[in-house]
Amino acid sequence: MRSYLEDDLTNVRLVASDMDFTLLADDKSMPDGMPGRIRALEGAGALFAVASGRPLYTLQDLFGASCDHMAFVSDNGGAVVCRGEVVFKDLLDETVLAELVAFTLERAPEAVPVICGLERAVVPTWGRAHDDALRVYYHEILYVDDVTAVREEANKFTVYFPENNSAAAYEERFAPAFGERLSVTCAGVDWLDVMNRGVDKGVGIARLCRHLGISRADVVACGDTDNDAEMLEAVGHGYLVANADARMERFADFRIPSNNDRGVAQVIDAVLAARGASFSPDAF
């Protein structure tokens with residue numbers, strides 16, 4: 001694959017990035033200077049967006065005062081928010097959620113079912129044993145004996161696999177059972193996400209582009225794994241971090257430095273330079 005340094009970034013209007021193992025380092029830390037970069041992009045006539053499987057409330061906690069100057073494609077495209085305005089939200093039917101929970105409990109007893117509400121996650125009481133892992137992604141969690149008894153507006157159902165076997169569970173169990181009527185994807189070795197059919201990061205980015213009045217050809221998208229595939233293919237500049245598996249190369253055009261080498265931050269700096277702008281790392 002070619003280096004992103006060979007790409008023409010002159011007309012880029014949106015830089016979208018996955019979070020885990022893309023923007024964030026392995027230790028979950030954010031690149032230094034991100035608030036300044038986000039403001040600089042906005043000032044240069046472009047925008048920064050996060051496209052993540054994480055819920056909106058967790059992402060907003062992470063970006064703080066920058067939230068009103070950027071966009072969020074959360075829950076793998078299940079919700080789109082731009083500068084504080086809700087552009088789109090999608091909801092799973094309660095009967096579908098109950099079916100997914102029952103299937104997980106019966107066919108994947110080693111895993112933890114999570115109903116991803118718009119304002120909190122709902123998890124079986126016994127799942128509290130994995131609270132440290134769950135709370136990395138879901139800052140608000142309600143533990144209950146029967147998750148299907150809670151009436152919650154939810155746009156995603158996810159399953160946490162403590163044994164890191166989400167890919168096998170996807171291939172052998174969840175995709176055969178739900179793949180034809182729902183959107184099912186792996187979100188790393190330990191997570192499997194289920195949304196309504198037609199909901200993914202690529203669709204979320206397309207909705208954001210329509211809201212902004214820009215072409216997808218003028219979008220940079222950075223990702224690393226399966227739930228980034230549609231997004232990488234949907235935009236004019238699909239970038240894969242160096243730490244991504246080679247199997248993902250068919251979805252992207254260029255490689256960027258790894259998450260630990262802060263590749264996304266380097267891409268933002270290159271976009272700013274192409275637009276004749278810069279930023280102060282000490283700003284904001």
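Which residue in β5 is the bridge partner of Phe-72? In this predicted model, the partner turns out to be Val-81. The two strands involved, β4 (residues 71-74) and β5 (residues 79-82), run antiparallel and are joined by four bridges. Both belong to an open sheet of nine strands with mixed pairing, and reading across the sheet gives the order β1-β15-β14-β13-β2-β3-β4-β5-β6. At the edges sit β1 and β6 (85-89), each of which pairs on one side only.

Strand β14 of that sheet carries Tyr-239, a good place to pick up the packing. The largest nonpolar core has 58 residues, and Phe-48, Phe-63 and Tyr-239 are the ones that touch the most other members. Setting aside residues up to four places away in sequence, Tyr-239 touches a long list of partners, including Tyr-4, Asp-7, Leu-9, Val-220, Cys-222, Leu-232, Phe-254, Ile-256 and Val-267. There is also a second, separate core, this one of 24 residues, with Val-96, Val-101, Ala-154 and Phe-157 among them. As a general backdrop, nonpolar side chains in soluble globular proteins tend to be buried together.

Aromatic rings come next, and the structure holds 10 aromatic pairs. In one of them, the rings of Tyr-4 and Tyr-239 have their centres 6.1 Å apart and their planes at 55°, so the pair is tilted. Tyr-4 lies in the loop between β1 (2-3) and β2 (14-17), while Tyr-239 is in strand β14, so this pair ties together parts that are 235 residues apart in sequence. Tyr-4 and Tyr-239 are both buried. Another tilted pair is made by Tyr-160 and Trp-191, with ring centres 5.0 Å apart and planes at 45°. Here too distant parts of the chain are linked, since Tyr-160 belongs to strand β10 (residues 154-160) and Trp-191 to strand β12 (residues 191-196), 31 residues apart. Tyr-160 and Trp-191 are both buried as well. Elsewhere, Phe-103, Phe-161, Phe-174 and Phe-178 gather into one aromatic cluster.

Some rings have a charge for company. The charged end of Lys-28 sits over the ring of Phe-21, 4.6 Å from its centre. Likewise, Arg-207 places its charged end over the ring of Phe-88, 3.7 Å from the ring centre.

Turning to charge pairs, side chains of opposite charge can pair when their charged atoms come close. The model holds 17 salt bridges. One of these joins Asp-269 to Arg-37, with the closest N and O atoms 2.8 Å apart. The bridge spans 232 residues of sequence, running from Asp-269 in helix α9 (residues 263-274) to Arg-37 in helix α2 (residues 34-43). The two ends are not equally covered: Asp-269 has a relative accessible area of 29% and is partly exposed, whereas Arg-37 is buried at 9%.

Helix α9 also contains Ala-265. With a relative accessibility of 3%, Ala-265 falls under the 20% limit and therefore counts as buried. Apart from neighbours within four places in sequence, Ala-265 is in contact with Pro-31 and Arg-37. Arg-37 thus comes up twice, as a contact of Ala-265 and as the salt-bridge partner of Asp-269. The C-alpha atoms of Ala-265 and Leu-41 are separated by 12 Å, with the two positions 224 residues apart along the chain.

Two further salt bridges involve arginines with contrasting surroundings. Arg-247 pairs with Asp-226, the closest N and O atoms being 3.0 Å apart. This pair links loop to loop: Arg-247 is in the one between β14 (237-241) and β15 (254-256), and Asp-226 is in the one between β13 (219-223) and α8 (229-234), 21 residues away. Arg-247 is partly exposed at 43% relative accessibility, and Asp-226 is partly exposed too, at 27%. In the other bridge, the side chains of Glu-249 and Arg-255 meet at 3.0 Å, N to O. Glu-249 is partly exposed, with a relative accessible area of 31%, but Arg-255 is buried at 17%. Finally, a network of salt bridges links Asp-18, Lys-201 and Asp-228.

Note on methods: Residues numbered from 1 in each chain as written. Predicted model: local features only at pLDDT ≥ 70, side-chain atom pairs only at ≥ 80, totals over all residues. Heavy atoms only, no water. Salt bridge = Lys/Arg side-chain N within 4 Å of Asp/Glu carboxyl O. Buried < 20%, exposed > 50% of the residue type's maximum accessible area, 1.4 Å probe, protein only. Phe/Tyr/Trp six-rings, centres within 6.5 Å; stacked < 30°, edge-to-face > 60°. Lys NZ or Arg CZ within 6 Å of the ring centre and 35° of its normal. Contact = heavy atoms within 4.5 Å. Core = buried A, V, L, I, M, F, W, Y, C linked by side-chain atoms within 4.5 Å. Pairing = 2+ DSSP bridges.
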